[in-house]
Amino acid sequence: MPPALTPNRSETAFEDFKLPLLRDAAVAEANRCLFCHDAPCIKACPTAIDIPQFIRKIATDNVRGSAKTIFESNILGMSCARVCPVEVLCVGACVYNELEQPPIEIGKLQRYATDRAYEAGWTFFEAGKPTGKRVALIGAGPASLAAAHELRRFGHACTIFEKRATIGGLNAFGVAPYKMRADRAMTEVEWVLSIGGIEVKTGVGVGSGTATGANDVSLESLEREFDAVFVGVGLGADSTLGVPGEQLAGVHGAVAWIEAMKLGAIDTKSIRRAAVIGGGNTAIDVVREVAGLGIPHVEMIYRGTREGMSGYAHEWTAALAEGAHAEWRAVATAIEGDAGRVERVRCVRVDDNKRPIAGSEFVVEADLVLLAIGQSKLGAMLASLGGITVESGRIRTDANGFTGRAKWYAGGDCRNGGKEVVNAAAEGKRAAQAIDAAISPKGRAHV
Amino acid sequence: MSDATHGITPDLSTSTGGIKSPNPFWLASAPPANSGAQIQRAFEAGWGGAVWKTLGAPIQNVSSRFGGHTIRGVHGAGFTNIELITDRPLEVNLREIAETKRLFPKNPIIVSLMVETEAEWREIIKKSIDAGADGLELNFGCPHGMCERGMGSAVGQEPKINERITSWAVKYSTVPVLVKLTPNVSDIVPHGLAAKRGGAHGVSLINTIKSIISVDIDRFVPEPRVGNLSSNGGYCGSAVKPIALHMVAALAREKDFGLPISGIGGVSNWRDAVEFILLGSSTVQVCTEVMLRGYGVVEDLIDGLEEYMRTHGFRTIPEMVGKAVPPFQEWGDLDLNYETVARIDTDKCIGCQLCVAACHDGAHQCIHPQEHTRVPRIDESECVGCNLCQIVCPVPGCITMEEVDNGFTPATWNQFVNDGIKLRPKKGAH
């Protein structure tokens, strides 16, 4: 197993933003569910959990059955209960919204059932009879974990290659800690791996041709040695602005900064003002994290409008409640500071076409600048393999994750360009089913 | 609605069997009517009358005593008890009856009684009337405990004994006598007629229904649990209302009956009370809802009823009593050619499709999901007009049952059998 997390992590400053439901509240909430036919919440869930069914089971105190229903569709149901943007998925689809009554708190109910399962140590799945087939999975994030678990149910041996020392992927080092802390993600990883037969090789990069690291393996060797390969890598490094001053101390990529905060301790005591550049969900996450760590002033600088940002409205509403500020229709033109440390961000307003408006220049004072304008995509790592199409850094596949090159499948952020954990879980599971169909003896009855 | 109509204040006063009451709402003989202090508080809250918890033979109670039926998180949708008649000393009850009468002279106190021998009946009737009882209610209904000693429902289930004891009571009473009937019989009518033959001035029904409310599935013991044993209880509360309504109506429409009725069984709100009155009750008695929510529920009973009476132009309770009895008929006299179909208001529909599941699994498979919309489609050529979709729909007024003019003249099964009258083609029967 990879090394344990250090207890000295900045993220431990955060409490859960959404409080768990205690038993009586969960039962009361579950009793409100209408048990819709062909329910809209199921359709809104990328993993298509039978939500009315698991909620009904909570209402009758059949919590074990409830958890089974959840995990049957999504083995990462415990983390998804915490990190899913339910407001725009299942909860957003609840018919109670149409009745102008509060929608069912599906995420909290899912957390109730899955947490109970973890606490009680219930297990629901066993590895299938060994098939003698072996599958390699690249990246130890949600997509690969979901795929590996499903493959184990089919009886295929799995090996996960992870270049980091930490497994769990974005769930471990990227999720906002007020949704889930890394230790919880680690607990989930252990729970998933407990099905047995999943070998995890950490500190092993996978590359094309001549691999760089000492332990690294090549794509070609994986293809040779395994019956199938699932690519479940996430996204790459934070994008940069290409403006002067990005190299100054105190300027960080948001994802890298979040990882440092989640997996270790960062010193924010001397920081008075933070600026976050971007308007997506990573930007809002990091705004809320900065505020939560007690940095007195945080300003989000976004080139678009509040209405037009890709970050979720409900997240921004929460950020505002936590004291965040924003400069809308603003872009950074330079980052400045004396003595090699950031002190300010020069900005200019832009028009509807994102063109600078002359004379609208202004300055945002900041001793911490976090860039949340996207991440590089890692699809290019497969470019050397013929028959695989990489578009804008994303690996193109059919609906089941098949790349078009025999043995090669992909799912999660490297395929979808960067979505939710629940999308990765869904894509991993679907790809596992496609892999099983391809490598199992013909005529096998599938689960 | 005109102001003139609204200007009328309905007269809620009523009487059953000659027992006059300022409004139709009486506390039933039960724990809420156990003591003078309770009943005085109830009268202050607005209750019209009270049937004092049954005086009679000495008893001792068990613990526990009550159980509740829960459905979808609603506790006490049904209720049971294995408590017996009053366990307080007779003298205390009589003293408090007198005191309560003195404090609330306009609110009738009906004293419920249950003893065995004629001499005991004579004695307890005299004491009750001396204490100030405005009426008596003979407890021929209790289906647990007392019946094992030959009282309560053991009397109510035997018309001859019912008649005999009723005649004793009437003989010794100078105030009206109501007989409280048990629902633990296959047909209520002979039992009502027995009370009438015994000379009763009215009846009250229903008492509770023999029941096991639930089972402790970890201890393997029915509930309510007394140590490691249980016994059948008397079922009551909202869940029994339909049974009670039927029994009240069955007596109300019986042409040989004709006695006043005090309706009991699951009255929880003014709507329930209106239903009992429309089916022939001149007063209604309430227990379970008070046990669950307290005396304060009477405020809604009173002003809800008043508003209903205003809306429908009723000035007095007697104008309402039995108004829905004539349409209560035998099935064979229903019009088989009357046809309704379900309609969905597409603007109100929230797309839950409970109707789809209900119709497909529990009815006639005529409600279908559609492409591109969550609003289902009803195949009216297959819809039998059963109401199931309307019942499961969570949106008030979204699904309505619409009358269809199919061109057929009304025709009943009896007419079909006797005269060969033409029936419309069956729907959904293939």
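This section describes a predicted model with chains A and B, from domains and sheet to cores, contacts and two local sites.

Chain B is divided into domain 1, residues 3–320, and domain 2, residues 331–419. The centres of domain 1 and domain 2 of chain B, taken over C-alpha atoms, lie 38 Å apart.

An open sheet of four strands occurs in chain B. The strand order is β5-β6-β14-β11, and the pairing is antiparallel. Strands β5(B) and β11(B), the latter spanning 209–211, stand at the edges. Each has a single partner strand, so one side of each is left without a neighbour in the sheet. From one strand to the next, the twist averages 45 degrees. In general, strands of a sheet pair through backbone hydrogen bonds, either parallel or antiparallel.

The pairing can be followed strand by strand. Strand β5(B) covers residues 66–71 and strand β6(B) residues 74–81. Five bridges join these two strands in the antiparallel sense. Gly67(B) stands opposite Thr80(B) in β6(B). Ile71(B) has Val74(B) as its bridge partner in β6(B). The two strands form a hairpin, with two residues between them. In that turn, Arg72(B) has a positive phi of about 50 degrees. Strand β6(B) also pairs with strand β14(B), residues 233–236. This second pairing is antiparallel and runs over three bridges. Here Thr80(B) stands opposite Tyr235(B) in β14(B). Thr80(B) thus links the two pairings: Gly67(B) is opposite in β5(B), and Tyr235(B) is opposite in β14(B).

Helix α7(B) spans residues 189–197. The buried residues of this helix are His191(B), Gly192(B), Ala194(B), Ala195(B) and Lys196(B). Their cover includes the helices α5 (153–156), α6 (159–172) and α8 (241–252) of chain B. Strands β9 (177–180) and β10 (202–205) of chain B are also included in that cover. Just after α7(B), Gly199(B) takes a positive phi of about 100 degrees.

Nonpolar side chains tend to be buried together in soluble globular proteins. In this model, the largest nonpolar core has 120 residues. Ile58(A), Cys90(A), Val229(A), Phe230(A), Val231(A) and Tyr409(A) touch the most other members. Helix α16(A), residues 421–439, gives the largest share of this core, with nine residues. Apart from this core lies another, of 88 residues. Among its members are Phe43(B), Cys142(B), Val179(B) and Val321(B).

Ile58(A) was examined further. Neighbours within four places in sequence are left aside. The contacts are then Ala26(A), Val27(A), Ala30(A), Val63(A), Ser66(A), Leu109(A), Tyr112(A) and Ala113(A).

Between the chains, 12 residues of chain A are in contact with 13 residues of chain B. Helix α1(A), residues 23–32, contributes three residues, the largest share of the chain A side. By class, this side has eight nonpolar, two polar and two charged residues.

A local site in chain A is Gly337(A). This residue lies in the loop between β12 (330–336) and β13 (344–349) of chain A. Gly337(A) counts as partly exposed because 18 C-beta neighbours lie inside 10 Å, whereas a buried residue needs 20 or more. Not counting residues up to four places away in sequence, Gly337(A) touches Leu248(A), Val342(A), Glu343(A) and Arg344(A). Ile198(A) is 139 residues away along the chain. The C-alpha atoms of Gly337(A) and Ile198(A) are separated by 49 Å.

Conventions: Residues are numbered from 1 along each chain as its sequence is written. Chains are lettered from A and ligands numbered from 1 in the order in which they are written. This is a predicted model: local features need pLDDT of at least 70, side-chain atom pairs count only at pLDDT 80 or more; totals for chains, interfaces and linings use all residues. Two strands pair if DSSP finds at least two bridges between them. Domain bounds come from an automatic or database domain assignment. A nonpolar core is a set of buried Ala, Val, Leu, Ile, Met, Phe, Trp, Tyr and Cys residues joined through C-beta atoms within 7 Å. A residue is buried if 20 or more other C-beta atoms lie within 10 Å of its own, exposed if 12 or fewer, and partly exposed in between; C-beta atoms are placed from the backbone. Two residues are in contact if their C-beta atoms, placed from the backbone, lie within 7 Å. Ala, Val, Leu, Ile, Met, Phe, Trp, Tyr, Cys and Pro count as nonpolar, Asp, Glu, Lys and Arg as charged, and the others, Gly among them, as polar. Axes are lines fitted to C-alpha atoms, for helices over the stretch in contact, and angles run from 0 to 180 degrees between N-to-C directions.
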